[in-house]
Structures are given as C-alpha cells and as structure tokens.
Amino acid sequence: NMGKEDKATWKSNYFMKLTSLLDEYPKIFIVNVDNVGSKQMQTIRAEMRGDATLLLGKNTMMRKAIRGHLETNPALEKLLPVIKQNVGFVFTDKDLTEVRDKILANKVPASARAGALAPVSCTVPAQVTPLGPEKTSFFQALQIPTKISRGNIEILSDVELIRAGEKVGASEATLLNMLGISPFTYGLVIEKIYDDGSMLDPEILDITDDQLRGSFMQGVARVAGLSLAINYPTVASAPHSIVNAFKNLLAVAAVTDIEFEEATMLKEYLADPSKFAAAAAPAAAAPAAAAAAPAKEESESEEDDDMGFGLFD
C-alpha cells in the first residue's frame, strides 16, 4: 500500500509540476534525449538554470497531463503529436535563439558502437598508427590503403569510414576504438519548438533579419511588376509609376516648347551636347587616377589596407 501511495503521490506531483510549467512558460523546446546519460543531463540542467527548465517523463504521463490541461489552454493540443520516442521538454520565456544555443552547446564525445546509426560521417585521417603489422589484414578487409612504416601500420590517405545515417559496422567500430577515435558527440537534439500556440521547425531560428528583409523585398518587387503589367496601381508600384510618368513628361518637354524646372537642365544639355562630355570627364578620370596611384601603396601594412575602401564599400 505504501508503495502504491508513493507512486500515486509522485504521479500527482509530476502532473502538478508539468501543469505549472505549461502555465508559466509560453515557449517549449521539444528535445530528443537519446544517448544522453544522467551525468550529462545534470550538467545540461545546471548550465540552463535561470534561462530554461528541462523536464523529462514517460510519454503517456506527459500526454495525460497535457490532455487534462487542454480546457485551460486548447493550443497545447499541438504538443501531443510530437511526444513520441525519447523526448523531453525545455521550458523558457527567454530569447529562443540564445536558449537554443545553450541546449546544443553541451555535447560529449562518444565512441562508435556497432549497430548504432551514425549521427555524422567519420573520416579516418592519413597517419602512422600505433598498430603493428599483425593488424594489416584488418585494414585490408576495410579496403584501407596502408604500408608498414618503422614497424607500424601507416594509413596512406584519408578514408571515409562511416557515413551519416548508416549503421556502424563491427569492424569499423573496432578500428576506431583501436585508434582512439571518438567520432560522435551526443547531446540534446531539438525536434520542434512550441511558441505560444505555434509549432515551429528549429531551422526557423537560423533565418536572419537580412534574409527576411531580402525575401520581403523580392515579394514587393513581384507585386510592383505585376501591378505595372496589368496597369493596376498599388503602394508597391506607385513609385515606379511616378518615375515612369516623369520620364514621359521629360520626353514631351524635350521635343516641345513646354517648360518646367526639372526639364531646364535636360534642354540645356540637348542644346549644347558638349556639356555631356564635360560631365562625363570627372567620372572617367576617377578610375584613371586610381590606376595611376603609386605602387608603394600596395606594400603598405595589412592594417592600412583595412583602413581603406574596397571596390564594393
């Protein structure tokens, strides 16, 4: 009875804790915790303290707690489909990118285990190994070119031994262990991000302001182009329409007696074409002056080069 009571109390406390975290924090990282040991988990918790809270638990209990809380916050239903396999929640109210970096920062090196899926590819570099000639057949079986160098096996060229996503073979795992190579690192892997009712892919945090601005301006350019093509004025196309109309006014003024301030200079240039040459001369002189600069400037220090302006500055 005591055991059952303790288990019931523990479950009740877990539900209360998860519910309070769901109420307190609007942002949740759903993280995969495969291959993360308890000691590493303690380190991760300690390093995130003050910025985020990590909560693990059985998937069935997590789902049950969330379902019981849907009346209070129906948007939490979006969490249910992602609670699968070995996952946990990282709760936060801080900047998502900063917390993401902290979550991913803690990784520990791990040796290759036969049968495990390789998270990354592994290349064995060319080297003189500490292994003796008796191991030569082992390298031959893995099709690794070698020679004997001063009594040790030398790997002659870099060899990609394991590819990401493939199962690690027993021979490959044994060789990497013999060479003392720990090719993999394990840590929390972010699968999804819940942000105040929206479910996001982690890649969204890699999008910069410049990329957003560029995508927006591309869209504006397309709207402007379409608006001009179908002669339908919009905010995006209005500046282009005004400029085009002004060009038409200048063209009319150039061949008639119509006068207005902006057309005066154009008419002066048309009346005296030599002014075109006078205006073009300074522009042409600038590159020539740059080419004629003393060669000694090229030998200035790197610091001086950095102080100047490049072609695209």
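This section describes a β-sheet, the helix packed on it, and an aromatic cluster in a predicted model.

The sheet is open and contains 5 strands. Their order is β2-β3-β1-β11-β12, and the pairing is antiparallel. Strands β2 (52-55) and β12 (198-200) form the edges, each pairing on one side only. From one strand to the next, the twist averages 25°. Helix α4, spanning residues 96-105, packs on this sheet. The helix touches β1 (27-32), β2, β3 (87-92) and β11. The direction of α4 makes about 25° with that of β1.

At one edge, β12 pairs with β11 (residues 189-195). The two strands run in the antiparallel sense and are joined over 3 bridges. Here isoleucine 193 stands opposite leucine 200 of β12.

A search of the whole structure gave 4 aromatic pairs. One of them joins tryptophan 10 and tyrosine 14, with 5.8 Å centre to centre and 20° between the planes. This pair is stacked. Both residues belong to helix α1 (residues 2-24). They lie 4 residues apart, about one turn of the helix.

Tyrosine 14 also pairs with phenylalanine 15. Their ring centres are 6.4 Å apart, within the 6.5 Å limit for a pair. Their planes meet at 65°, and angles over 60 degrees count as edge-to-face, so this pair is edge-to-face. Trp10, Tyr14 and Phe15 thus make up one aromatic cluster.

Burial was also computed for two of these residues. Tyrosine 14 has a relative accessible area of 7% and is therefore buried, the cut-off being under 20%. Phenylalanine 15, at 22%, is partly exposed.

Notes: Residues are numbered from 1 along each chain as its sequence is written. This is a predicted model: local features need pLDDT of at least 70, side-chain atom pairs count only at pLDDT 80 or more; totals for chains, interfaces and linings use all residues. Side-chain values use heavy atoms; hydrogens and water are left out. Two strands pair if DSSP finds at least two bridges between them. Axes are lines fitted to C-alpha atoms, for helices over the stretch in contact, and angles run from 0 to 180 degrees between N-to-C directions. Contact means heavy atoms within 4.5 Å. Rings of Phe, Tyr and Trp (its six-membered ring) pair if their centres lie within 6.5 Å; planes under 30 degrees apart count as stacked, over 60 as edge-to-face and the rest as tilted. Buried means under 20% relative accessible area, exposed over 50%, partly exposed in between (1.4 Å probe, protein chains only).
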